[in-house]
Amino acid sequence: MPRPLRWFRPDRVMEISSRTLLGRYALAPKPELVQECHGILAEACDRWRGVKLHMGVMPSNHFHYMATCPSANEFGRWMSFVKAAIARAAQFHHDIRGPIWDRRFRAIPILDDAALRERVRYFMAQMCNPACDLVIGPRHWPGMNCVDALCRGVKIRGTYVRSAERRRLAARKEKLPLNRTLELTPLPGLPEDEEQRKTWFRQIEQEIVAETRERQAANGIVCKPPKVFETDDGHFVPDKMKKSPAPHSHCSCAERRAAFMAALHQFVDLWRGALELMKRGARACFPEGGWWPYDCHLCRPQRE
C-alpha cells in the first residue's frame, strides 16, 4: 500500500505520531529512558529553532507530539533527529536489537480551535481513557508527559548524551546528567498570561480526572501503582492493537474539512503531475508544501 503524500502547511499546529514495530513496548517508561526523551526533544528544539513544540505524551508503544514549524524541510530534519535518537536510547535501555519504529511518522494538521481543544484533551487523557485505564489521572503516568508543565509550570529536565557517553556512564554505574531543559511554546490562540493558560489546562485535567474516577468506580477498576509500569518488558508485544485509518485533518467544522480535502486533492494532483514530468526527464516543479523526491532547484528556497 503506498504511503500517503504529506502536505505541509507552514505555522499550522500539527499532531505528530509514530508507533513502534508491532506495537512492542520499546518505549516502556524506564526513568532513564524518559529522562533521555526529554533531553532529546530539548536538544532538537535547540538545533532547529523554527520548530515550536507545544506538548507531547509517550505511552509504551507510540508517541504523540503537537508542534508548528514554518518549513517542511526543517521539520523533516527535526523529526528525523528525534526518532533516530529516541530509537538509540530505547535500544540501549531495553536491550533491543533491530528497528524500533513501524513506519514513517504521521503529521495531521489541526484546523480550528474546537478541534485543538479536543486534541489537547486527547493527549492529556491518553493513559486514562476507557481503552487503557492504566492510571487515575493524566499526571500519574510515569512516562513522558507534559501535564505538570502545562498545568503547574513545572520545569521538564532531561538528558542528552551521545551513545559512547551513555555506554561509558552505564559501565561506571553513574547516573545520567540532567543537562537539558525542555521549553514548551504556548499553543496559538491561548491567553498570553501564563496563569490563565495554566487555568485552561487545569480545567481540562479536572474534567478528565472526574470522568476517569466515575468510570473506574462504576466498572470496579483498580489501577496499578505508577511505579509498576517502569518495569514493563520492552520486548512485550500486545495481542491486539487498535487499527483505524488516521484522519487527513482534525476539524470540528464539516465545511472547513471539505475545503481542506478539496485543496489536498488539488495538491496531490499537482505533485503527481510534477513527478510524471520528472520521470520523463522534463523540467518539473513540485507544489509548495510537499517533501520533494529529489533536490529540485526550482523549488528550493533562496538563501538570503
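Which residue's side chain does Arg-215 meet in a salt bridge? The partner is Asp-133, and the N to O distance is 2.7 Å. Keep in mind that what we're looking at today is a predicted model.

Okay, let's stay with that pair for a moment. Arg-215 sits in helix 6, which covers residues 194–219, while Asp-133 sits in the loop between helix 3 and helix 4. The two are 82 residues apart, so this is a link between distant parts of the chain. And are they buried or exposed? Both of them are buried. If charged pairs are new to you, here's the basic idea: side chains of opposite charge can pair when their charged atoms come close.

Searching the whole structure turns up 18 salt bridges. I'll show you a few others. Arg-152 and Glu-205 make one, and their closest N and O atoms are 2.8 Å apart. Here again distant parts get linked: Arg-152 belongs to helix 4, Glu-205 to helix 6, and their positions lie 53 residues apart in the count. The two ends of this bridge have their own surroundings. Arg-152 has 32% relative accessibility, so we call it partly exposed. Glu-205 comes in at 6%, so that one counts as buried.

While we're around Arg-152, have a look at Lys-198, which is also a helix 6 residue. At 11% relative accessibility, it falls under the 20% cut-off, so Lys-198 counts as buried. What does Lys-198 touch, once you leave out residues up to four places away in sequence? Leu-150, Cys-151, Arg-152 and Gly-153.

Now for a bridge inside one helix. Lys-279 pairs with Glu-276, with the closest N and O atoms 3.8 Å apart. These two are three residues apart in helix 7, so about one helical turn separates them. Why does that spacing suit a pair? An α-helix has 3.6 residues a turn, so residues three or four places apart point the same way. Lys-279 is exposed, at 58% relative accessibility, and Glu-276 is partly exposed, at 38%.

Salt bridges can also join up into networks here. Arg-117, Arg-121, Glu-207 and Glu-211 are linked in one.

Let's move on to the rings. The search finds 14 aromatic pairs in the whole structure. Take Tyr-65 and Trp-78: the ring centres are 6.4 Å apart and the planes sit at 75 degrees, so this pair is edge-to-face. Tyr-65 is in strand 3 and Trp-78 is in helix 2, so the pair ties together parts that are 13 residues apart in sequence. How buried are they? Tyr-65 has a relative accessible area of 0%, and Trp-78 is at 0% too.

A second pair is Trp-271 with Phe-286. Their ring centres are 5.2 Å apart with the planes at 55 degrees, so we call this one tilted. Trp-271 is in helix 7 and Phe-286 is in the segment after helix 7, so parts 15 residues apart in sequence are tied together. Both residues are buried.

Going back to Tyr-65 and Trp-78, they belong to a cluster. Ring pairs link them with Phe-8, Phe-63, Phe-75, Trp-101 and Phe-105. One ring of that cluster has a charged neighbour: Arg-6 lies over the face of Phe-105, at 3.8 Å from the ring centre. Elsewhere, Arg-119 does something similar with Tyr-122, lying over the ring's face at 4.3 Å from its centre.

Next, the core. The largest nonpolar core has 66 residues, and Tyr-65, Met-66, Phe-75, Trp-78, Ile-86 and Met-124 touch the most other members. Which element gives the most to this core? Helix 2, with 11 residues. There's also a second, separate core of 11 residues, including Cys-251, Phe-267, Trp-271 and Leu-275.

I'll finish with helix 3, since we can do a quick check on it. At 1.5 Å a residue, its 12 residues should span 16 Å, and the end C-alpha atoms are 17 Å apart, which agrees. Among its buried residues are Ala-115, Arg-119 and Met-124. And what do the buried residues of helix 3 pack against? Strand 1, strand 2, strand 3, helix 4 and helix 6.

Terms used:
Residues numbered from 1 in each chain as written. Predicted model: local features only at pLDDT ≥ 70, side-chain atom pairs only at ≥ 80, totals over all residues. Heavy atoms only, no water. Phe/Tyr/Trp six-rings, centres within 6.5 Å; stacked < 30°, edge-to-face > 60°. Helix = DSSP H or I, 4+ residues; strand = E, 2+ residues; numbered from the N terminus. Buried < 20%, exposed > 50% of the residue type's maximum accessible area, 1.4 Å probe, protein only. Lys NZ or Arg CZ within 6 Å of the ring centre and 35° of its normal. Salt bridge = Lys/Arg side-chain N within 4 Å of Asp/Glu carboxyl O. Expected span 1.5 Å × (residues − 1). Contact = heavy atoms within 4.5 Å. Core = buried A, V, L, I, M, F, W, Y, C linked by side-chain atoms within 4.5 Å.
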